[in-house]
Amino acid sequence: MTGDRRCPSPVARAGRAAGLALALAVASAAAAVGEDLRQPDGAVVLEVAGRIERTNREGAAAFDRAMLEALPPARLETTTVVTDGVRRFDGFYMRDLLDRLGAQGETVRASALNDYAIDIPITDFMRFDVVVATHMDGERLEPRGKGPLWIVYPRDDHAELQDLRYDYRWVWQLDRLEVR
Ligand SMILES: Nc1nc2c(c(=O)[nH]1)N[C@H]1C(S)=C(S)[C@@H](COP(=O)(O)O)O[C@H]1N2
Ligand SMILES: [Mo]
């Protein structure tokens, strides 16, 4: 008796199914972070360098405003140490930006237009909903103020964040991140 050669053995079938499952897992992981980072066509407002997997220029990922505003939206209402009263911030979560780029590291060095720079532990972005704000009270943040981007912590929600150590990390006029 000869077996039906058109019918794959259970082993071959299982192997094919496993291969397909793996391919799907890889494809969905790639889709979750985005396969490609397009070229910015507007003015570049943020450059991310260092230990990232996805780039759109030599060793870095450059974002114009439209690319940043395409990240999942985040909103946060909080007092700040430099404004009066509760302010509403709109932007994106720092962790979503880092995930999008496949960032690997312990620290993000955040630098500003005025040459201010500080190292922020990446664990901050997992422990807290840290927002990179593009707007305050519905108004776009501009470089003459605290823009183009301002790192904003949910300080009203966590007593721990009401501390000078965190105040330093509220980088305003943010224009560059380096993952280390
Ligand atoms: N771009 C930029 N961001 C910055 C700073 C700065 O000098 N430049 N100072 C930091 C410090 S030390 C604090 S306490 C808060 C508030 O600083 P400010 O009172 O000088 O605005 O912003 C932080 N973010
Ligand atoms: Mo400060």
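Leu164 lies in helix H5, which covers residues 164-167. The model is predicted. Leu164 has a relative accessibility of 52%, so it counts as exposed, the cut-off for that class being over 50%. Leu164 also belongs to a nonpolar surface patch, together with Tyr116 and Tyr168. The accessible area of these three residues comes to about 300 Å² together.

Step back to the whole chain. The protein contains 5 helices and 10 strands. Of its 180 residues, 39% are buried. The exposed surface amounts to about 10,200 Å². Carbon and sulfur atoms supply 51% of that surface. Contacts across the sequence tell another part of the story. Take the contacts between residues at least 6 apart in sequence: 59% of them join residues at least 24 apart.

Now follow the chain past H5. The loop between H5 and strand S10 (174-179) holds Gln173. Its phi is near 55°, a positive value in a residue other than glycine. Most residues other than glycine have a negative phi. Is Gln173 buried or exposed? Gln173 is buried, because its relative accessible area is 12% and the limit for buried is under 20%.

S10 leads into a sheet. The sheet is open and has 5 strands, in the order S2-S1-S10-S5-S6. Its pairing is mixed. Which strands stand at the edges? They are S2 (60-64) and S6 (117-121). Each has a single partner strand, so one side of each is left without a neighbour in the sheet. On average, neighbouring strands of this sheet are turned by 20° against each other, direction ignored. Strands of a sheet pair through backbone hydrogen bonds, either parallel or antiparallel.

Look at the S6 edge. Strand S5 (residues 107-112) runs antiparallel to S6, and 5 bridges join the two. One register point is Ser111, whose bridge partner in S6 is Ala117. S5 and S6 form a hairpin with 4 residues between them. In the turn, Asp115 has a positive phi of about 75°. Tyr116, already met in the nonpolar patch with Leu164 and Tyr168, comes just ahead of S6 (117-121).

S6 itself has two faces. In a regular strand the side chains alternate between the two faces of the sheet. Ile118 and Ile120 form the covered face of S6. Ala117, Asp119 and Pro121 form the uncovered one. Ala117 thus appears in two roles: on the uncovered face of S6 and as the bridge partner of Ser111.

Move on to strand S7 (residues 131-136). How many of the residues of S7 are buried? The count is 6 of the 6, so S7 is largely enclosed by the rest of the structure. S7 pairs with several strands. Strand S4 (residues 87-93) and S7 pair in the antiparallel sense over 5 bridges. There, Phe89 has Met136 in S7 as its bridge partner. Strand S9 (residues 150-152) also pairs with S7 in the antiparallel sense, over 3 bridges. In that pair, Val131 has Val152 of S9 as its bridge partner.

Strand S8 (residues 139-140) is another partner. S7 and S8 run antiparallel and are joined by 2 bridges. Met136 stands opposite Glu139 in S8. Met136 is also the residue that partners Phe89. S7 and S8 form a hairpin with 2 residues between them.

The turn of this hairpin deserves a look. Asp137 is found in the loop between S7 and S8. Its phi is near 50°, positive although the residue is not glycine. Asp137 is partly exposed, because its relative accessible area is 34%, between the limits of 20% and 50%.

Past S8 comes a further backbone feature. Pro148 has its place in the loop between S8 and S9. The peptide bond from Gly147 to Pro148 is cis, with omega near 10°. Most peptide bonds are trans. After that loop comes S9, which pairs with S7.

Note on methods. Residues are numbered from 1 along each chain as its sequence is written. Chains are lettered from A and ligands numbered from 1 in the order in which they are written. This is a predicted model: local features need pLDDT of at least 70, side-chain atom pairs count only at pLDDT 80 or more; totals for chains, interfaces and linings use all residues. Side-chain values use heavy atoms; hydrogens and water are left out. Two strands pair if DSSP finds at least two bridges between them. Axes are lines fitted to C-alpha atoms, for helices over the stretch in contact, and angles run from 0 to 180 degrees between N-to-C directions. Buried means under 20% relative accessible area, exposed over 50%, partly exposed in between (1.4 Å probe, protein chains only). Contact means heavy atoms within 4.5 Å. Accessible areas come from the Shrake-Rupley method with a 1.4 Å probe; for residues, only the protein chains shown count as cover. Patches are made of residues with over 30% relative accessible area and no salt bridge: like charges are joined within 9 Å, nonpolar side chains (Val, Leu, Ile, Met, Phe, Trp, Tyr) within 5 Å. A salt bridge is a side-chain nitrogen of Lys or Arg within 4 Å of a carboxyl oxygen of Asp or Glu.
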